[in-house]
Amino acid sequence: MRIRVVDVFFEAAHYTGFNDKYNYLHGHTYRLEVEYKDRLGPLDYLLDFEELNSIVRQIASQWNYKLLVPETDIDKIKITGPFKVETKVVKGKYATAEAMCMQILSEIREKLGDHNGELSLTIWEGSRYSSNCSEHDKK
């Protein structure tokens, strides 16, 4: 049995850095879709929709309006201006949708506590491109 939370959004800027074609600072509206899979319990119930929704929204808010920087570059970033700049470290060499997917999935798992079902996440960069990951994927 599966339940899903969809249409949780955040705005962020990043650069990919692995080639010159995409090595420009640019931003996206990211959309998250989370799926939780488990056996149906004795109450015909997997997990409270609102609990999962609240967790996903809380995590998305920690990514919102951030400059996403790979952990290998965090000491190299220097931006000043008449505006706020907050960074969010993306684990890995590059701030790609794939790396973000694994990290956000891990953050959701950490907050879920005792729920042992399997999580999967789709992160959309705009309306055409997405990355999907599950807890069975290896980095």
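Val 69 stands opposite Val 89 of strand S4, and strands S3 (66-70) and S4 (87-90) run parallel and are joined by 4 bridges, where strands are DSSP runs (E, at least two residues) and helices likewise (H or I, at least four), numbered from the N terminus, and where two strands pair if DSSP finds at least two bridges between them. This is a predicted model, in which local features need pLDDT of at least 70 and side-chain atom pairs count only at pLDDT 80 or more, while totals for chains, interfaces and linings use all residues. Residues are numbered from 1 along each chain as its sequence is written, and side-chain values use heavy atoms, with hydrogens and water left out.

The loop between S3 and S4 holds Ile 79, which is partly exposed with a relative accessible area of 37% (buried means under 20%, exposed over 50%, and partly exposed in between, with a 1.4 Å probe and protein chains only).

Turning to the interior, the largest nonpolar core, a set of buried Ala, Val, Leu, Ile, Met, Phe, Trp, Tyr and Cys residues joined through side-chain atoms within 4.5 Å, has 32 residues, and those with the most contacts inside this core are Phe 10, Leu 32, Leu 52, Ile 104, Ile 108 and Ile 123. At least two core residues come from each of strand S1 (2-14), strand S2 (26-37), helix H1 (49-63), helix H2 (97-112) and strand S5 (118-125), and H2 gives the most, with 8 residues. Leaving aside neighbours within four places in sequence, Leu 32 is in contact (heavy atoms within 4.5 Å) with residues including Val 5, Phe 10, Val 56, Ile 104 and Ile 123.
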